[in-house]
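Student: I should like to take a close look at a single part of this structure. Please guide me through it step by step.

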Amino acid sequence: MYYSHFGLHQAPFKITPNTEFFFTGGNRGPILEALIYAVTHGEGIIKVTGEVGSGKTMLCHMLPTRLPPHIVTAYIANPSVSPEEILRAIAFELQLDVSRSAARLEVMQALHDYLLKRHAEGKRVVVLVEESQSMPLATLEEIRMLSNLETKNDKLLQIVLFGQPELDDNLRQPGIRPLRERVTHSFRLEPLLQGEIREYLMFRMRAAGYRGPDLFSNSVVGHVARASHGLTRRVNLIADKALLAAFSENTHTVRAKHVEAAIRDSEFSQRPVRHGERRYLWGAALVATGAALGITAYALLQQPDRKPARVDAPAGTLPGNPDRAIPVPPIAPPPTSVSAPAAPAPQAAPKATAEAGTRPVAAAVKSGNVLPAGALDALEARLAATREWLAQPDQIAYSIQVFGTNDPQQLNKHLNDIAKSIEINKLYVYPTQVKEKPYWTVLYGSFSDRFAAQEGLGRLPQALMANQPLLRTVQGIRDEIRRQRPPS
């Protein structure tokens with residue numbers, strides 16, 4: 001929206017973990033280096049804690065990019081499962097040949113054999129576990145048992161637990177003391193100080209392409225620091241909305257009033273949002289859709305003497321596992337005055353069914369916001385194709401996760417756009433949940449082994465490579481779908 005206004009080539013303050021925006025200040029860089037050292041030197045269980053929004057996910061995504069080639073990683077995003085399930089989840093991510101009905105000892109033996117083989121090859125295996133504060137105590141105990149797998153001189157498995165401070169509370173319980181004593185390194189992500197927030201803001205602006213003078217004065221940074229409590233996710237939300245507010249006034253100076261409006265518009269603000277403030281923040285966004293809504297820029301911004309500024313479309317909120325930005329085609333600036341088009345006849349919302357891939361789309365269509373017929377044709381077609389694909393016999397082992405989103409309409413549009421550069425029949429979409437909300441993950445290709453998948457990754461269009469796609473095991477995807485409660 002405001003990118004061209006500030007000379008940016010991508011969103012500077014998205015809350016999704018783009019490793020291009022990793023900030024080494026606030027002790028983040030030293031913690032990353034310490035993690036690399038601990039993992040590469042076989043230091044057992046490692047723990048990283050921090051408040052919600054302090055940057056744990058960014059650190060978790062950054063770590064694999066800095067590890068040497070002989071380190072094999074497995075990523076567990078949803079560890080709130082039983083002890084048996086956590087074993088299977090790790091086995092599936094490592095592409096082990098174990099059935100879903102395999103007994104615990106069978107899975108453990110398969111893991112042990114795999115780890116011994118990797119050790120003989122001079123490789124190390126590390127499991128990165130996010131949201132580990134939600135793990136049941138019995139599952140934490142199973143993690144301890146995994147840490148016992150070792151040779152005479154080396155640990156066979158490294159485990160890095162990323163979690164909120166509640167993880168520390170869990171580890172203090174008497175019944176989990178054996179695990180606590182196996183934690184060899186413990187790191188904590190502290191909130192950023194005001195000076196660090198100033199550096200963080202301009203670091204992200206520069207990384208996004210900004211080449212002008214500093215945008216944030218000391219008073220503005222002070223407002224951001226007090227409202228965000230130094231949590232990077234909150235800093236990102238406030239800064240993004242403040243830039244949008246400045247853009248809506250056609251100014252390149254971010255003022256305290258822009259930050260105050262952004263704070264009031266945020267969910268974590270304790271101050272009530274007064275009538276008209278959301279319009280102030282999102283007035284510029286509404287300009288871009290004025291033609292479709294039949295509302296002029298004059299009516300939206302209440303600035304009769306101001307010519308509408310040129311509006312570029314924002315990068316799509318199409319994140320990867322975790323969320324990553326995908327550019328979408330620019331939206332043409334609206335005319336200064338338009339007539340409201342005839343409203344299309346409302347269509348009935350798609351009927352929810354128990355079939356995977358249909359319910360989440362239906363759930364996304366809210367009352368009063370009914371989509372026109374055919375609005376999600378591309379998405380529905382790929383969901384149906386994915387169900388058939390996942391039902392095939394186990395001849396496919398890998399796919400490439402390219403991005404994800406919680407917006408079905410935007411995803412449908414993007415599927416149509418990228419079909420111009422790659423074969424859409426090679427794209428697969430499956431529904432899941434993120435923070436108990438419907439979410440769709442997009443995959444590319446079917447590959448019989450990891451080597452073929454790596455080759456396919458190298459052939460992806462540059463637009464998709466920019467989102468840092470990653471390899472996924474098909475069995476791991478099936479297991480993720482099976483574990484998730486169907487969105488409703």
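Student: Which residues do ring pairs link into a cluster?

Tutor: Some preliminaries come before the answer. This is a predicted model, in which local features need pLDDT of at least 70 and side-chain atom pairs count only at pLDDT 80 or more, while totals for chains, interfaces and linings use all residues. Residues are numbered from 1 along each chain as its sequence is written, and side-chain values use heavy atoms, with hydrogens and water left out.

The cluster consists of Y2, Y3 and F6, which are linked by ring pairs. Rings of Phe, Tyr and Trp (its six-membered ring) pair if their centres lie within 6.5 Å; planes under 30 degrees apart count as stacked, over 60 as edge-to-face and the rest as tilted. By this rule there are five aromatic pairs. In one of them, the ring centres of Y2 and Y3 are 5.2 Å apart and the planes stand at 90 degrees, so this pair is edge-to-face. Y2 also pairs with F6: here the centres are 6.1 Å apart and the planes meet at 80 degrees, so this pair too is edge-to-face.

The cluster can also be described by its accessibility. A residue is buried when its relative accessible area is under 20%, exposed when it is over 50%, and partly exposed in between (1.4 Å probe, protein chains only). Y2 is buried because its relative accessibility is 2%, and Y3, with a relative accessible area of 11%, is buried as well. F6 is buried, as is Y2. For the chain as a whole, 52% of the 488 residues count as buried.
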